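The following paragraphs lead the reader through one protein model, from its overall make-up to individual residues. Please keep the sequence and the structure in view while reading.

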Amino acid sequence: MYTMTFEELNGEYPQERMDSVAKALEEVLASALPQGCITVGVYEAAKSLNVDPDNVVLCILATDDEDVKDVALQIHFTLIQAFCCENDINILRVNNTRRLAEILGGGAAGKQSGGEPMDLHCVLVTNPHSTLWKDPALSKVNRFCRESRCMDQWVPIINLPER
């Protein structure tokens, strides 16, 4: 059982713990992708959340420095966050869309196979319909989200390190 330290109770996680959660998130995405359990894009995510919110196990909101000034994107994020909180869906913020694109197979440029840019601002991880997904990496990410909520940090931020 994991016991929180004083720093964690005050919303400050040790770097090793943050790196561990970032690695677990990468594992979750890498295992969900071949199962067809990834929804990419703000509008696609909104549609999926509307149709079957009980099937969503994790919502990732991704930004880079230039996205902070995009008011429309921030409004979308606020609405998605509210919906996820209302439906008990764990949420993470990720601050490296380029690395997220690499993990999801879009390459460093974040392009889809047809050359169109991927909208990586919102990524949903869904549960395969055939089974309940029991993944230790997903459990680690979900535990991190729960612990963050206990510290009133409803949308924790993870840095995906460059490779």
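Among contacts in the protein between residues at least 6 apart in sequence, what percentage join residues at least 24 apart? In this predicted model, the share is 79%. The chain that makes these contacts comprises 163 residues, of which 47% count as buried. Its accessible surface comes to about 8,900 Å², and carbon and sulfur atoms account for 53% of that area.

The secondary structure consists of six helices and five strands. Along the sequence, these elements follow the pattern α-α-β-α-β-α-β-α-β-α-β. In space, the five strands form an open sheet with mixed pairing, and their order is S1-S4-S2-S3-S5. Strand S1 (38–40) and strand S5 (157–158) are the edge strands, each of which pairs on one side only.

Within this sheet, strand S2 (residues 56–62) and strand S3 (residues 91–94) run parallel and are joined by four bridges. Leu61 has Arg93 in S3 as its bridge partner. Helix H3 (residues 42–51) lies across S1, S2 and strand S4 (122–126), and runs at about 35° to S4.

The loop between helix H5 (97–103) and S4 holds His121. Is His121 buried, partly exposed or exposed? Its relative accessible area is 21%; since buried means under 20% and exposed over 50%, His121 is therefore classed as partly exposed. Beyond its neighbours within four places in sequence, His121 is in contact with Val42, Ile60, Leu61, Ala62, Asp67, Leu73 and Phe77. Leu61, listed here as a contact of His121, is also the residue bridged to Arg93. The C-alpha atoms of His121 and Thr63 are separated by 6.1 Å, although these residues are 58 apart along the chain.

Attention may now turn to the surface. Which residues form a nonpolar patch there? Val71, Ile75 and Leu79 do so, with about 310 Å² of accessible area together. Ile75 belongs to helix H4 (residues 71–86). Why can Ile75 count towards such a patch? Membership requires over 30% relative accessible area, and Ile75 meets this requirement because its value is 48%. With that value Ile75 is partly exposed, as is His121 at 21%.

Terms used:
Residues numbered from 1 in each chain as written. Predicted model: local features only at pLDDT ≥ 70, side-chain atom pairs only at ≥ 80, totals over all residues. Heavy atoms only, no water. Patch = residues over 30% accessible without salt bridge, like charges linked within 9 Å, V, L, I, M, F, W, Y side chains within 5 Å. Areas by Shrake-Rupley, 256 points an atom, 1.4 Å probe, with all protein chains shown as cover. Salt bridge = Lys/Arg side-chain N within 4 Å of Asp/Glu carboxyl O. Helix = DSSP H or I, 4+ residues; strand = E, 2+ residues; numbered from the N terminus. Buried < 20%, exposed > 50% of the residue type's maximum accessible area, 1.4 Å probe, protein only. Pairing = 2+ DSSP bridges. Contact = heavy atoms within 4.5 Å. Axes fitted to C-alpha atoms, helices over the stretch in contact; angles between N-to-C directions.
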